[in-house]
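I wanted to go through this chain slowly, starting with its overall form and then turning to how its helices pack. These are my notes, in the order in which I looked things up.

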Amino acid sequence: MTSKRGRTQKCGAAQARQRLAQARSYLDVASLTADENDPTLEYAGVAASVAILAGIAAADAACCQALGRRSRSDDHHDAEALLAQITPGGKRAAGQLRQLIDIKDTAHYGFISVTASQLKRALRQAQHLVDFAERQQLRSGSR
């Protein structure tokens, strides 16, 4: 059995634009679904899950644009190493992705509910990653 850990896929500006558009859409849906003031936090897990998808898509977009490859590993943490290679700002973006991935299991599969603070953090980190991916496109002239 071949390990898929650390595996990458070549991509470029066209794929970066596509993944950034997906990231924006995910973030829009997460924001519409999120209600941090709902005492039951009925949709918090769903909103956080979609925000996490936004962050992952944004990380792909940034990596495709800046590095010409994205992570295709089974472990989303492997994408952090690629993000960290982007200068400037890659190390910070990698930390933001890490924060999203750290709540992924709770949001997607957990029996423990996502808290209001986790939801707020997921939305904030996803927004930072979308902004970072947008800056990569602007820096490259949106080829």
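I began with the radius of gyration: for 143 residues a compact globule would come near 15 Å, and the chain has 15 Å, so the two agree. I noted beside this that the model is a predicted one, and that every value I write down is therefore computed from a prediction. Looking next at the extent of the C-alpha trace, I found that it spans about 45 × 40 × 20 Å along its principal axes.

I then asked how much of the chain is buried. Of its 143 residues, 45% count as buried. I also looked up the contacts between residues at least 6 apart in sequence, and 73% of these join residues at least 24 apart.

For the secondary structure I listed six helices and two strands, and when I read along the sequence I wrote the pattern down as β-α-α-β-α-α-α-α.

Helix H1 and helix H6 came next. H1 covers residues 13-33 and H6 covers residues 116-139, and I found their axes 10 Å apart, at an angle of about 155°. Because angles over 145 degrees count as roughly antiparallel, I entered H1 as roughly antiparallel to H6. The crossing of these two helices is left-handed. On the H1 side, the residues in contact include Ala16, Leu20, Ala23 and Leu27, and on the H6 side they include Leu123, Ala126, Val130 and Ala133. Arg17 and Arg24 of H1 also take part, as does Glu134 of H6. Sorted by class, this contact has nine nonpolar, three polar and three charged residues.

Which way does H2 run relative to H6, parallel or antiparallel? Helix H2 spans residues 44-67, and its axis comes within 8 Å of that of H6, with a crossing of roughly 20°. Since angles under 35 degrees count as roughly parallel, I recorded H2 as roughly parallel to H6. This crossing, too, is left-handed.

I copied out part of the H2 side of this contact and noticed the alanines, among them Ala44, Ala47, Ala48, Ala51, Ala54 and Ala58, together with Gly55 and Gln65. From H6 the contact includes Leu119, Ala122, Leu129 and Phe132. By class I entered 17 nonpolar and four polar residues, and no charged ones.

As a last entry I put the two lists side by side, and saw that Leu123, Ala126, Val130, Ala133 and Gln137 of H6 are named in the contact with H1 and also in the contact with H2.

Notes: Residues numbered from 1 in each chain as written. Predicted model: local features only at pLDDT ≥ 70, side-chain atom pairs only at ≥ 80, totals over all residues. Heavy atoms only, no water. Axes fitted to C-alpha atoms, helices over the stretch in contact; angles between N-to-C directions. Helix = DSSP H or I, 4+ residues; strand = E, 2+ residues; numbered from the N terminus. Parallel < 35°, antiparallel > 145°, perpendicular 65-115°, else oblique. Left-handed = near helix turned anticlockwise from the far one by under 90°. Contact = heavy atoms within 4.5 Å. Nonpolar A, V, L, I, M, F, W, Y, C, P; charged D, E, K, R; others polar. Rg over C-alpha atoms; globule rule 2.2 N^0.38 Å. Buried < 20%, exposed > 50% of the residue type's maximum accessible area, 1.4 Å probe, protein only.
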